[in-house]
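Trainee: Could we go through this model together, taking one question at a time and reasoning each answer out?

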Amino acid sequence: MLIRVRCYQAVKAIEFDSVTVRFPTTRIPFVKEWFVRKLRGTAAVETFAALSDVSLDIEHGECLGLIGFNGAGKSTLLRVAAGVITPSAGRAVVRGSVAPLIELGTGFDHELSGRENIFFNGALLGRSQRTMRARVDEIVEFSGLGQFIDLPLRTYSTGMVARLAFSIATAVDAAVVLLDEILAVGDASLRERCEERIRRFHKSGCTILLVSHDLASIEKLCDRAVFLEEGRIVALGKPPEVIRAYGERSGFHELRHDRSESLGISDSR
Amino acid sequence: MSTTPRVEQDTPTVATAAIPEFCNAAGPGVSLLDEARDLVAHEHLLRSLVMRDLTVRYKRSVLGVLWTMLNPLLMMLIFTLVFSAFFRFEIKHFEVYFLSEYLPWIFFSQTTVNSMASMAWNGPLMKRVRIPKSIFALAATLSGIANLAISCIPLAIIMLIKGAPFSGAVVVLPLSFLILGVFTLGVSLTLSSLSVYFADIKETYQAAVFGLMYLAPIIYPMSIVPEKYLWLVRLNPLVHLMQIIRDPIYYGRLPTSQDLMISSIWAFVALISGWLMFRRLSTGFYAQL
C-alpha cells in the first residue's frame, strides 16, 4: 500500500472544489398536492445550504480532522466524499478505493448472523465473497465477539454491533478512509482499538478524513484539522491551532442563543 | 454524480491508470452505460440482493413454488369457471390461454410494486454507502424473472394434464422474457424514483394496475373487442409484450415480427425514459429518504 500510494503524491487524494450542498426544508408528500402547487406555480421548494462553497485539498496519506458544532456540515462533507450526497454545485474528486465508516451498523440485516452480515456488508462495499472469505477470521478475531458471531444480530447490544461494523469496515482494503464519530461509540477497549487501527491506517499510507467531537483524539491522530461553521471553513491548519480557534468560538457560540439563525441561509431554488 | 474515470492532465498516466477515481459533481448525472458499468462492479451486491429475495420465497422449496403459484392457480380456477362455463367463451384449453398471459402480467405488476417497496426498505443503505441506486429496481426485476421462469413448470404440468400441445416455438421465450424484463425495469425505475418523493404513488398505481388488467385480453379473447375499441386495447404496451409470450405457449407459433418490433420499441422507450427520470430524481433521494 505504501509503495503504491507514494507514486501518486503529485495528485491530491481528495479534492473538494467549491462544494455547495442544499437541502430542501419543505416537502410535498403527495402527487395530488404537487399537481395543485404546479398549477398555482408554488411547487418551488425552500432550501438551506448545509455546505457553502467549500474548497479543500487532502494529500495522499494525510489524516485530516473535521471539527465544528452540530449542524456545521461536517458529516455532509464526509458524505459528499463518500458519494452518497451529490453536491448542488461544485464537485468532489476522490482517488482510491473508499471505506466509508459513516454511522456504524447500517446495511446490517438483523435477522442474519454476524458472520452472514460480514459477507453482505462486504458486498455492499463492492468486495467479493472470496475476498471476504479470506478476511472473515481476522474480522471475527478483531471484533472480539467470540461465539456470538453465529447468532442473529438482533441478539447483539449496540456496542457489539458497533464492534462488528468497525471490524468489517477497517478490514477491507481502502486507500481513503472516512470516519464519522466512530470514536464516540463502544467502550474504552474498543476505543483504544479504534485509535490503534487509525494509526495503522495512517502508517500504511491511507488518507483519512475524521469527524469527531473528541478534540484530544483529533490532536493525537491528525496532521491537519478543519473547523467548519455554518457550512463554511473557518479555520484550517495544525490541529492545536484549529482546536484553539474552535474553543474561542465555542464560548462565543454559547452566548448566541439563536441556533436556528445558522439554518437561516435559506433561499428558494 | 459521475464515476467516469478521467485522465488528469498534469499527472503521469501510469499513476491514474491504477487508482480508481471517482468524481462526485453537480450536474445531470451519469449515462446509462456508466450506470451499467457501475452495476457490473457491484455484481456481488446484486447477486446477494436477488438471492435474498429468492431464498425468502423458496426457503422450503416445494412450498415456495406452491405459494408463488397459489394466486395464479386460484385465479385460473375462478376465471375458468366464470368465462368458460358461465360466459361460454369458445376458448380451447382456457387454463393455458389464461395463464400464458396472466403469469407475465403478475410478473409485471409484482415487480413494479416490489421495486417501490425496495426503495423505501433500502433507503438507509443508500444514505450511507455509495451504490448505483438503480440496483434495487434491477434486483427486483431479476428475481421477478426468475419467479416467472419457475412458474413455467406448473404451467407445463397443467398443459400436460389438459392435453394442450407443446411446440418448439417455446425456444423464443427467453427473448420474450428479456423484452418484457427490460420494459418492466424501465417502468420500475420511473415508479421507484417517484415513490421516494410521493407517498401516495404506490397505492394509486396498485389501483390503476388492477383496473388495467381488464383492459388487456388476458381473460377474454381479442375477438370480443368491438372494432372501434381495438385501438384502445392495442395502446397498452403490455398487450404486445404478453402476446409474444402467449404465441409460443398457447398457439404454438413464433411471435409475429410486428409484435416483436412493437414490444422491443416499447421496452427501449420505457428503459430510456425510466432511466432519465430516475437519474433526475436520484440526486434528491438523500434528502427525501
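Trainee: In S9(A), which residue is the bridge partner of A:Ala225?
Mentor: This is a predicted model, and in it strand S8 (residues 224-229) of chain A and strand S9 (residues 232-237) of chain A run antiparallel, joined by 5 bridges. The hairpin of S8(A) and S9(A) has 2 residues between the strands, and A:Glu230 takes a positive phi near 50 degrees there. Within this pairing, the partner of A:Ala225 in S9(A) is A:Gly237.

Trainee: Which element gives the most to the side of chain A that touches chain B?
Mentor: The contact involves 40 residues of chain A and 32 residues of chain B. At least two residues each come from strand S1 (14-24), helix H2 (31-40), helix H3 (74-82), strand S4 (89-95), strand S5 (98-102) and helix H4 (114-124) of chain A. With 7 residues, the element that gives the most is S4(A).

Trainee: How many residues on that side of chain A are charged?
Mentor: The side of chain A that touches chain B includes 25 nonpolar and 11 polar residues. The charged residues there number 4.

Trainee: Which residue in S1(B) is the bridge partner of A:Val94?
Mentor: S4(A) also pairs across the two chains, since 5 bridges join S4(A) to strand S1 (residues 21-25) of chain B, and these strands run antiparallel. In S1(B), the bridge partner of A:Val94 is B:Phe22.

Trainee: On which residue is the kink in helix H5 of chain A centred?
Mentor: Helix H5 (residues 129-143) of chain A has a kink of about 45 degrees, and the buried residues of H5(A) pack against H4 and helix H6 (158-171) of chain A. Buried in H5(A) are A:Met132, A:Arg135, A:Ile139, A:Val140 and A:Ser143, while A:Gly144, just after H5(A), takes a positive phi of about 65 degrees. One of those buried residues is also the centre of the kink, namely A:Arg135.

Trainee: How many residues does domain 2 of chain A give to the contact with domain 1 of chain A?
Mentor: The domain assignment of chain A gives domain 1 as 2-97 + 174-268 and domain 2 as 114-173. Domain 1 of chain A supplies 9 residues to the contact, which divide into 5 nonpolar, 2 polar and 2 charged. From domain 2 of chain A the contact takes 7 residues.

Trainee: Why does B:Phe268 count as partly exposed, rather than buried or exposed?
Mentor: B:Phe268 has its place in helix H13 (residues 257-282) of chain B, and its C-alpha atom is separated by 7.0 Å from that of B:Phe183, 85 residues apart along the chain. A buried residue needs 20 or more C-beta neighbours within 10 Å, and an exposed one has 12 or fewer. Because B:Phe268 has 14 C-beta neighbours inside 10 Å, the class is partly exposed.

Trainee: In which helix of chain B is confidence lowest?
Mentor: Chain B averages a pLDDT of 87, and 92% of the residues score at least 70, with confidence highest in helix H9 (residues 173-197) of chain B, at 97. Over residues 1-17 of chain B the pLDDT is below 50, although this stretch has 29 contacts in the model beyond near neighbours in sequence. Where pLDDT is low, the predicted coordinates should not be read in detail. At a mean of 45, the helix of chain B with the lowest confidence is H1 (residues 13-18).

Trainee: What ipTM does the predictor give the complex?
Mentor: The predictor gives the complex a pTM of 0.85. The ipTM is 0.80.

Conventions
Residues are numbered from 1 along each chain as its sequence is written. Chains are lettered from A and ligands numbered from 1 in the order in which they are written. This is a predicted model: local features need pLDDT of at least 70, side-chain atom pairs count only at pLDDT 80 or more; totals for chains, interfaces and linings use all residues. Two residues are in contact if their C-beta atoms, placed from the backbone, lie within 7 Å. Helices (H or I, at least four residues) and strands (E, at least two) are DSSP runs, numbered from the N terminus. Ala, Val, Leu, Ile, Met, Phe, Trp, Tyr, Cys and Pro count as nonpolar, Asp, Glu, Lys and Arg as charged, and the others, Gly among them, as polar. Two strands pair if DSSP finds at least two bridges between them. The bend at a residue is the angle between axes fitted to the seven residues ending there and the seven starting there. Domain bounds come from an automatic or database domain assignment. pLDDT is the predictor's confidence in each residue, from 0 to 100.
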